[in-house]
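Reader: I'm new to this one. Can you put it up and take me through it?
Author: Here it is.

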Amino acid sequence: MAAPPAIPRRGLFIGGGWREPSLGRRLPVVNPATEATIGDIPAATGEDVELAVSAARDAFGHDGGRHWSRAPGAVRAKYLKAIAAKIKDKKSYLALLETLDSGKPLDEAAGDMEDVAACFEYYADLAEALDGKQRSPISLPMENFESYILKEPIGVVGLITPWNYPLLMATWKVAPALAAGCTAVLKPSELASLTCLELGGICAEIGLPPGVLNIITGLGPEAGAPLASHPHVDKIAFTGSTETGKRIMITASQMVKPVSLELGGKSPLIVFDDVDIDKAVEWAMFGCFANAGQVCSATSRLLLHEKIAKRFLDRLVAWAKSIKISDPLEEGCRLGSVVSEGQYQKIMKFISTARCEGATILYGGARPQHLKRGFFIEPTIITNVSTSNQIWREEVFGPVICVKEFRTEREAVELANNTHYGLAGAVISNDLERCERISKAIQSGIIWINCSQPCFVQAPWGGNKRSGFGRELGEWGLDNYLSVKQVTKYCSDEPYGWYRPPSKL
Ligand SMILES: NC(=O)c1ccc[n+]([C@@H]2O[C@H](COP(=O)([O-])OP(=O)(O)OC[C@H]3O[C@@H](n4cnc5c(N)ncnc54)[C@H](O)[C@@H]3O)[C@@H](O)[C@H]2O)c1
Ligand SMILES: C[N+](C)(C)CC=O
């Protein structure tokens with residue numbers, strides 16, 4: 001087992017340096033796998049938000065934007081590549097910090113750090129390519145006019161992120177925002193901020209111009225809300241719960257401020273009767289038990305064809321029993337703790353409500369007996385679920401899967417769409433035409449065929465319905481931070497000729 005590193009004591013990262021929070025307050029960092037307090041983070045308030053936004057605004061306009069916002073994309077790409085290189089150098093250390101902070105298995109945290117570096121590299125390439133996309137001409141129906149497009153950074157952006165993939169979710173916003181030429185204030189979740197603060201250290205090491213990225217930690221209402229409502233923040237990009245997303249949208253609407261929202265989900269996985277059962281079971285497990293089910297796109301509603309349901313569930317229970325649940329630093333751990341005591345209590349309440357509403361806890365539903373401390377929950381499989389049950393309707397954000405059977409393809413699609421959410425969906429079948437039909441019929445932003453959860457930086461990510469709007473990743477992720485300006489030129493020597501010239505006296 002890897003030896004835990006000392007937790008660095010960081011300040012807020014503002015204007016390229018570290019600052020103590022204005023009110024001098026700090027929040028404890030608790031390792032959810034041991035319940036021990038291992039450090040603390042600064043608790044920013046409105047005063048700190050002011051400083052961070054002002055630093056970002058100065059950096060945006062500094063020297064007429066020549067050093068950042070109006071610099072060639074190739075200049076910004078150099079910094080993004082340098083950040084990626086540092087992330088790679090520090091991968092093991094950052095993964096350890098992420099695990100200690102969030103409870104996720106060390107193998108998963110290491111994978112996240114690889115994805116973080118890849119995301120910075122990807123947006124470095126898009127920043128470079130942006131230069132070639134400037135002044136792209138628009139074809140017009142009148143020859144005495146010429147028009148072209150400028151893609152400009154939106155300005156100062158507020159980036160508010162959750163705890164489930166702390167550095168990765170921050171990177172999905174920071175990398176494209178910086179690639180576009182924006183300057184940013186990042187507010188990570190108070191439940192897991194350590195690696196985001198380390199990103200501040202990396203920015204200082206590589207010499208990112210001061211104020212281009214500012215990182216303020218603290219509570220949502222105290223640090224996130226003033227950022228969302230700040231009149232000098234030009235856009236808010238938010239990932240988190242649907243409830244907080246609604247609040248952000250209301251606040252932003254007062255200033256007609258653009259928002260992009262990546263919110264919760266309750267995604268379906270449909271399994272037909274023509275599949276290799278063990279292969280499908282593994283995807284069902286990965287779809288809902290990876291990261292202890294704390295995944296926005298978790299396929300937490302499992303729809304099984306009635307012909308295979310019994311066999312499938314027997315195998316699912318057998319596979320679930322074999323998951324190594326342990327301290328997330330232990331080698332081979334596949335289920336760590338959930339992020340906090342609050343999240344543990346919330347998940348347990350979902351399970352007890354499911355039981356009270358008549359559902360069956362087929363497997364799990366409790367703390368694993370061999371782990372006396374830490375916020376661990378067994379992988380939990382719930383059957384006899386009705387579509388009116390809370391466990392069917394609401395996002396649990398824990399290692400809990402609920403199951404229903406279906407007879408026909410139509411019934412499967414109806415059940416899949418029986419949700420206010422629309423982030424993702426998955427189908428497993430050997431009939432690829434059927435998979436294509438279902439891909440079109442499910443109302444969500446992402447569909448997986450014969451798998452669940454793989455995520456690539458090149459492909460768009462985002463939801464429909466109450467899972468939010470806007471798309472991150474890929475070129476769509478860059479567009480989130482660009483404003484499109486039309487420039488139209490009159491290019492004839494002739495007068496326009498709409499009005500008669502005044503008669504000469
Ligand atoms: N769609 C996606 O891509 C995606 C990805 C990851 C997580 N999520 C969702 O995130 C949720 C879990 O994350 P969470 O518990 O951190 O969500 P949350 O909404 O509680 O918090 C998210 C962030 O918002 C901040 N915040 C809280 N109240 C605020 C306020 N009033 N004003 C401004 N900021 C405020 C928090 O401090 C945190 O930084 C789940 O619903 C999950 O599905 C979605
Ligand atoms: C796509 N993923 C799993 C990294 C983030 C969603 O919570």
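Author: To begin with, this is a predicted model, and the structure holds 29 salt bridges.

Reader: Why do such pairs form at all?
Author: Side chains of opposite charge can pair when their charged atoms come close.

Reader: OK, which residue meets E198 in a salt bridge?
Author: R10 does, with 2.9 Å from N to O. The two belong to distant parts of the chain, 188 residues apart: E198 is in helix α6 (residues 194-206), and R10 is in the segment before β1 (12-14).

Reader: Is E198 buried or exposed?
Author: E198 counts as buried, at 8% relative accessibility. R10 counts as partly exposed, at 21%.

Reader: What about E114, which side chain does that one meet?
Author: The side chain of K91, in a salt bridge of 2.4 Å, N to O. E114 lies in helix α4 and K91 in helix α3 (residues 91-102), so the pair ties together parts that are 23 residues apart in sequence. E114 is partly exposed at 44% relative accessibility, and K91 is partly exposed at 26%.

Reader: And the partner of E190?
Author: The side chain of E190 forms a salt bridge with that of K187, at 3.3 Å from N to O. K187 is buried, at 3% relative accessibility, whereas E190 is partly exposed, at 29%. Elsewhere, R9, E20, R26 and D40 are joined into one network by salt bridges that share partners.

Reader: Switching to ligands. How many residues surround ligand 1?
Author: 27 residues do, and the closest are K187, E190, S241, T244 and E395. K187 and E190 are the salt-bridge pair from just now.

Reader: What does the side chain of E190 do there?
Author: One of its N or O atoms is 2.6 Å from an oxygen atom of ligand 1. The backbone takes part in polar contacts as well: an N or O atom of the T161 backbone lies 2.8 Å from an oxygen atom of ligand 1, and one of the L263 backbone lies 2.8 Å from a nitrogen atom of the ligand. Ligand 1 exposes 850 Å² when taken alone, and the protein buries 90% of that.

Reader: Which residues are around ligand 2?
Author: N164, Y165, L168, M169, W172, V295, C296, C455 and W461. An N or O atom in the side chain of N164 is 2.9 Å from an oxygen atom of ligand 2. A polar backbone atom of C296 is 3.0 Å from an oxygen atom of this ligand. Ligand 2 has 250 Å² of accessible area on its own, of which the protein covers 94%.

Reader: There are cysteines in that list. How many disulfides does the structure hold?
Author: Zero. Take C402, for example: its sulfur has its closest cysteine sulfur in C288, 8.3 Å away, and that is too far for a bond. The cut-off for a disulfide is 2.5 Å between the sulfur atoms. C402 is buried, with a relative accessible area of 1%, while another cysteine, C491, counts as partly exposed at 33%.

Reader: What about the surface, which residues form a nonpolar patch?
Author: M142, Y490, Y496, W498 and Y499, with about 700 Å² of accessible area together. Y499 is in the segment after β22 (482-490), and Y499 is exposed, at 69% relative accessible area.

Reader: Now the backbone. Which residues other than glycine have a positive phi?
Author: R135 is one of them, with phi near 60°. F397 also has a phi near 60°. R135 is in the loop between α4 (106-133) and β5 (136-138), and F397 is in the loop between α12 (390-393) and β16 (400-406).

Reader: Are those two buried or exposed?
Author: R135 is exposed, with a relative accessible area of 53%. F397 counts as buried, at 15%.

Reader: One more. What does the side chain of T242 reach?
Author: The backbone oxygen of R466, at 3.2 Å. T242 lies in helix α8 (residues 242-253) and is buried, with a relative accessible area of 11%.

Note on methods. Residues numbered from 1 in each chain as written. Chains lettered and ligands numbered in written order. Predicted model: local features only at pLDDT ≥ 70, side-chain atom pairs only at ≥ 80, totals over all residues. Heavy atoms only, no water. Patch = residues over 30% accessible without salt bridge, like charges linked within 9 Å, V, L, I, M, F, W, Y side chains within 5 Å. Areas by Shrake-Rupley, 256 points an atom, 1.4 Å probe, with all protein chains shown as cover. Salt bridge = Lys/Arg side-chain N within 4 Å of Asp/Glu carboxyl O. Helix = DSSP H or I, 4+ residues; strand = E, 2+ residues; numbered from the N terminus. Buried < 20%, exposed > 50% of the residue type's maximum accessible area, 1.4 Å probe, protein only. Near = heavy atom within 4 Å. Polar contact = N/O pair within 3.5 Å; in protein donor to acceptor, adjacent residues only side chain to side chain.
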